[in-house]
Amino acid sequence: MDEDWIIEGTALWYHAISWKKPRRVAVIRKAKVVQDVQACPLLDTDWEYEAIVTSLDWESIGLWRFYNQRCCMENYIKEAKRGSAIDKIATGSFEANEIDLLVKLLAYNLYERFKRACCEPVHFGYTIARFRLEFFQCAAKLVSHSRSTILKLEKMFTHRHTWKQMEFRIAQLE
């Protein structure tokens, strides 16, 4: 049992029609702990279920904790693939591809740092694709005048106020 959750697990063998052999499945169920004076019985609808197909012969709760630690990393990798195209091989040269990957990972890490330093908490969960859609795919003009360059956003840009706040925070970093 964790602090806020009741967690129970079991393991079973399952053989799907499309599988060549049966596989071990760890089934976890969890429910929020009710902080009530009287003991409140849990209903079937109070439980959330998860299933993990695995070749590991571990206790089901241990498997669940192990895989939950890894799931966030898989999401970061998926985001880097979709947002920075790290899964695309640019050339036939190993060294050039290594540099390409490192630059893309650097850009991804800078984006994540930028979100934490310059964006509102509501934007912390934004993927690169969503951030591009909301903030970069808008009408604007780049105007040069008197030795300065100014980005003029469309008057109807819905995120103008948020954009200006980000600009201000970026200036504060210098």
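Which residue is the bridge partner of I7 in strand 2? In this predicted model, the bridge partner of I7 in strand 2 is K30. The pair belongs to the ladder between strand 1, which spans residues 5-14, and strand 2, which spans residues 23-32. These two strands run antiparallel and are joined by ten bridges. A further pair involves E8, whose bridge partner in strand 2 is R29. R29 also stands opposite Y49 in strand 3, so that R29 is placed opposite a residue of strand 1 as well as one of strand 3. Strand 3 comprises residues 48-54, runs antiparallel to strand 2 and is joined to strand 2 by seven bridges.

Taken together, three strands form an open sheet in the order 1-2-3, with antiparallel pairing. Strand 1 and strand 3 stand at the edges and each has a single partner strand, so one side of each is left without a neighbour in the sheet. Direction ignored, neighbouring strands of this sheet are turned by 20° against each other on average.

The end of helix 1 and the loop that follows were examined next. Helix 1 covers residues 60-84 and helix 2 covers residues 94-118, with a loop between them. S84 is found in helix 1 and is buried, because its relative accessible area of 15% lies under the 20% limit. With neighbours within four places in sequence left aside, S84 is in contact with E79, K104, Y108 and I128. A85 is found in the loop between helix 1 and helix 2. The phi of A85 is near 55°, a positive value in a residue other than glycine. Most residues other than glycine have a negative phi. A85 has a relative accessible area of 25% and is therefore partly exposed.

A second positive phi in a residue other than glycine occurs at R147, where the value is near 60°. R147 is placed in the loop between strand 4, residues 140-145, and strand 5, residues 148-153. With a relative accessible area of 90%, R147 is exposed, whereas A85 is partly exposed.

Helix 3 spans residues 128-136 and includes A129. A129 counts as partly exposed, at 45% relative accessibility. The C-alpha atoms of A129 and G83 are separated by 5.8 Å, although the two residues are 46 residues apart along the chain.

The arrangement of helix 3 and helix 4 was also analysed. Two packed helices are described by the angle between their axes and the distance between the axes. For helix 3 and helix 4, the latter spanning residues 160-173, the axes come within 10 Å and cross at roughly 105°. That angle makes helix 3 roughly perpendicular to helix 4. On the side of helix 3, the residues that meet helix 4 are F131, F135 and F136. Their counterparts in helix 4 are T162, W163 and M166. The residues of this contact divide into five nonpolar, one polar and no charged.

Helix 4 also contains I170, which is partly exposed, with a relative accessible area of 37%. Leaving aside its neighbours within four places in sequence, I170 is in contact with F114 and C118. The C-alpha atoms of I170 and A117 lie 8.2 Å apart, while the residues are separated by 53 residues along the chain.

The cysteines were considered last. A search of the whole structure finds zero disulfides. C118, one of the residues in contact with I170, is buried, with a relative accessible area of 1%. The closest cysteine sulfur to that of C118 is in C119, at 6.4 Å, which is too far for a bond. Conversely, the sulfur of C119 has its closest cysteine sulfur in C118, again at 6.4 Å and too far for a bond. The reason is that a disulfide requires the two sulfur atoms to be within 2.5 Å. C119 counts as buried, at 5% relative accessibility.

Conventions
Residues numbered from 1 in each chain as written. Predicted model: local features only at pLDDT ≥ 70, side-chain atom pairs only at ≥ 80, totals over all residues. Heavy atoms only, no water. Helix = DSSP H or I, 4+ residues; strand = E, 2+ residues; numbered from the N terminus. Buried < 20%, exposed > 50% of the residue type's maximum accessible area, 1.4 Å probe, protein only. Axes fitted to C-alpha atoms, helices over the stretch in contact; angles between N-to-C directions. Parallel < 35°, antiparallel > 145°, perpendicular 65-115°, else oblique. Contact = heavy atoms within 4.5 Å. Nonpolar A, V, L, I, M, F, W, Y, C, P; charged D, E, K, R; others polar.
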